[in-house]
Amino acid sequence: IDQAVTDAIAFSRDLKNLEENIDLVEDNEAVVRNSWASQNSGETISDYATTHSYAVPLRELANTLSNYSANEEIAKQKIEYNIRSLFYSIKEAEDSLALYDEQIDIQARQLKVYETMLNLGKLSQVEYNDYKQTYDTLVSDKKAVETQISSAYRSLNQLMGKDINQQYNII
């Protein structure tokens, strides 16, 4: 999971955009500081207007930088949450597939018994159809879980920038 989180963070376009914005703000801050330093070279005390004209943009840039940094951390936490959620949902769904397999096996054997009872006249067609419908619903539910697993793997791989059809052995 940790490697998946690392891969997803490295692949995230949102984080790359935030990092570029942070770099731009830091560059702008350096320009303002250098401009202020060159304005004050040789002077020990600058006038209020000059100091204020540089202090306000520097403060605004510092606030912007702080906001971008906070947003970057939030984005990383969101990615980690999404990756962990996908891993846990895949694990849970794969565990439920094993139960579906067992239930389908039991229902298939039971359905054969009911079919024999139907052929011997010990069971009505309506009762048999109810049992058959229960079996068919179970098979359909299993296919739906398999589809959910495939979808979760695709989402996971998209977040990490991996081959969309890649699957993992989740323990």
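These notebook entries record what I looked up in one predicted model.

**Entry 1. Overall make-up**

I began with the secondary structure of the protein chain and found four helices and zero strands. Read from the N terminus, the order of elements is α-α-α-α. I then turned to the chain totals. The protein chain has 171 residues, of which 26% count as buried. Its accessible surface comes to about 11700 Å², and carbon and sulfur atoms account for 50% of that area. For the contacts, I took pairs of residues at least 6 apart in sequence; 70% of these contacts join residues at least 24 apart.

**Entry 2. Nonpolar cores**

Which residues touch the most other members of the largest nonpolar core? I noted Ile83 and Leu156, in a core of 29 residues. Helix H1 (2-11), helix H2 (13-39), H3 and H4 each give two or more residues to this core. The largest share comes from H3, which gives 13 residues. As background, nonpolar side chains in soluble globular proteins tend to be buried together.

I followed Leu156 further. Setting aside residues up to four places away in sequence, Leu156 touches Ile83, Leu86, Phe87, Ile90 and Tyr168. I also recorded a second, separate core; it has six residues, among them Ile22, Val32, Leu61 and Leu65.

**Entry 3. Salt bridges along helix H3**

I next listed the charged pairs, and the count came to seven salt bridges. In general terms, side chains of opposite charge can pair when their charged atoms come close.

In the first pair I examined, Lys91 and Asp95 meet through their side chains at 3.1 Å, N to O. This counts as a salt bridge because the nitrogen-to-oxygen limit is 4 Å. Both residues belong to helix H3 (residues 48-119), where a spacing of four residues puts them about one helical turn apart. Lys91 is partly exposed at 28% relative accessibility, and Asp95 is partly exposed at 40%.

The next pair was Arg109 and Asp105, whose side chains form a salt bridge at 2.8 Å, N to O. Here too I found a spacing of four residues within helix H3, about one turn. Arg109 has a relative accessibility of 48% and counts as partly exposed; Asp105, at 40%, is also partly exposed.

I also noted a network of salt bridges that links Asp2, Glu80 and Arg84.

**Entry 4. Lys142 and its surroundings**

In helix H4 (residues 125-160), I looked at Glu146 and Lys142, which are four residues apart, about one turn of the helix. They form a salt bridge, with the closest N and O atoms 3.7 Å apart. Glu146 is partly exposed, with a relative accessible area of 33%.

Is Lys142 buried or exposed? Its relative accessibility is 19%, and Lys142 therefore counts as buried, the limit being under 20%. I then asked which residues Lys142 contacts beyond its neighbours within four places in sequence. The list is Leu97, Tyr100, Asp101 and Ile104. With Asp101, the side chain of Lys142 also makes a polar contact of 2.6 Å. Lys142 thus appears in my notes both as a salt-bridge partner of Glu146 and as a polar-contact partner of Asp101.

**Entry 5. Aromatic rings**

My last search was for aromatic pairs, and the count was one. The pair consists of Tyr114 and Tyr131, with ring centres 3.6 Å apart and planes at 10°, so I entered the pair as stacked. The reason is that planes under 30 degrees apart count as stacked.

Where do the two rings lie? Tyr114 is in helix H3 and Tyr131 in helix H4, so the pair ties together parts that are 17 residues apart in sequence. I checked the accessibility of each partner as well. Tyr114 is buried, at 14% relative accessibility, whereas Tyr131 is partly exposed, with a relative accessible area of 33%.

Technical notes. Residues are numbered from 1 along each chain as its sequence is written. This is a predicted model: local features need pLDDT of at least 70, side-chain atom pairs count only at pLDDT 80 or more; totals for chains, interfaces and linings use all residues. Side-chain values use heavy atoms; hydrogens and water are left out. Buried means under 20% relative accessible area, exposed over 50%, partly exposed in between (1.4 Å probe, protein chains only). Contact means heavy atoms within 4.5 Å. Accessible areas come from the Shrake-Rupley method with a 1.4 Å probe; for residues, only the protein chains shown count as cover. A nonpolar core is a set of buried Ala, Val, Leu, Ile, Met, Phe, Trp, Tyr and Cys residues joined through side-chain atoms within 4.5 Å. A polar contact is a pair of N or O atoms within 3.5 Å; within protein, one must be able to donate a hydrogen and the other to accept it, and residues adjacent in sequence count only if both atoms are side-chain atoms. Rings of Phe, Tyr and Trp (its six-membered ring) pair if their centres lie within 6.5 Å; planes under 30 degrees apart count as stacked, over 60 as edge-to-face and the rest as tilted.
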